[in-house]
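User: I'm new to this one, so please give me a close look at its core. Take your time and join things up as you go.

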Amino acid sequence: MNQVINNFFQAGPLRFTARILMGLRGLLIITSLSPSILGEFTIWILYVVYFYMLDLGILNALERDLPHYRGKKDFEESHRIANIGWSSYFVLSIFSSLLLGVVSFMMRGQLFLSVLVGLYLLSEKFFRAYDTDSRIRFQYVNNGISDLLS
């Protein structure tokens, strides 16, 4: 139990730093982009958010169910849920990233932009999976590091 409390307090400064960096990133984006480019950027972020939701809430279910079955010492069911959940999440993540790339290409006709937008979504989904896994395992320091990375 002391390790959980220790990890939690170590993650606090990491999360605080991550919030400051995210705020600075937002200020940099707002101040450096022209209004038309900022509008286009906002539209792309909306697309990313919509395609991000194609994981159908699998991470929330994993975060709820895995600790439950581990707490009940039902490791067979926990392993089964983890296998199905994680594999489904990554398959849907790859699918949604490819689909976003296709939609982007259909809209703009720029292959490089489409690849970058798809890779951005895929990397966000991987960071989110890392973040969720660290919370499932009560590794709050790793959770704080994932906040800094995203």
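Analyst: Let's start from the outside: accessible areas come from the Shrake-Rupley method with a 1.4 Å probe, and for residues only the protein chains shown count as cover. On that basis the chain has an accessible surface of about 9,600 Å², and carbon and sulfur atoms hold 70% of it. Bear in mind that this is a predicted model, where local features need pLDDT of at least 70 and side-chain atom pairs count only at pLDDT 80 or more, while totals for chains, interfaces and linings use all residues. Residues are numbered from 1 along each chain as its sequence is written, and side-chain values use heavy atoms, leaving out hydrogens and water.

The chain has six helices and zero strands (DSSP runs numbered from the N terminus: H or I of at least four residues for helices, E of at least two for strands). Of its 150 residues, 27% are buried, meaning under 20% relative accessible area with a 1.4 Å probe, protein chains only; exposed is over 50%, partly exposed in between.

Now for the core itself. The largest nonpolar core (buried Ala, Val, Leu, Ile, Met, Phe, Trp, Tyr and Cys residues joined through side-chain atoms within 4.5 Å) has 10 residues: Ile 58, Leu 59, Leu 62, Leu 66, Ile 81, Ala 82, Trp 86, Tyr 89, Ala 129 and Ile 136. At least two of them come from each of helix 3 (58–71), helix 4 (75–108) and helix 5 (111–136).

Leu 59 is a handy place to zoom in. Skipping neighbours within four places in sequence, Leu 59 is in contact (heavy atoms within 4.5 Å) with Trp 86, Tyr 89, Arg 128, Ala 129 and Thr 132.

Next, the helix pair: helix 3 and helix 4 pack with their axes 9 Å apart, at an angle of about 165° (axes are lines fitted to C-alpha atoms over the stretch in contact, with angles from 0 to 180 degrees between N-to-C directions). That makes the two helices roughly antiparallel, a label for angles over 145 degrees; under 35 is roughly parallel, 65 to 115 roughly perpendicular and the rest oblique. Residues making this contact include Leu 62 and Leu 66 of helix 3, and Ile 81, Ala 82 and Trp 86 of helix 4.

Elsewhere on helix 4 sits Ser 104, which is buried, with a relative accessible area of 0%. Setting aside residues up to four places away in sequence, Ser 104 touches Trp 44, Gly 109, Leu 113, Ser 114 and Val 117.
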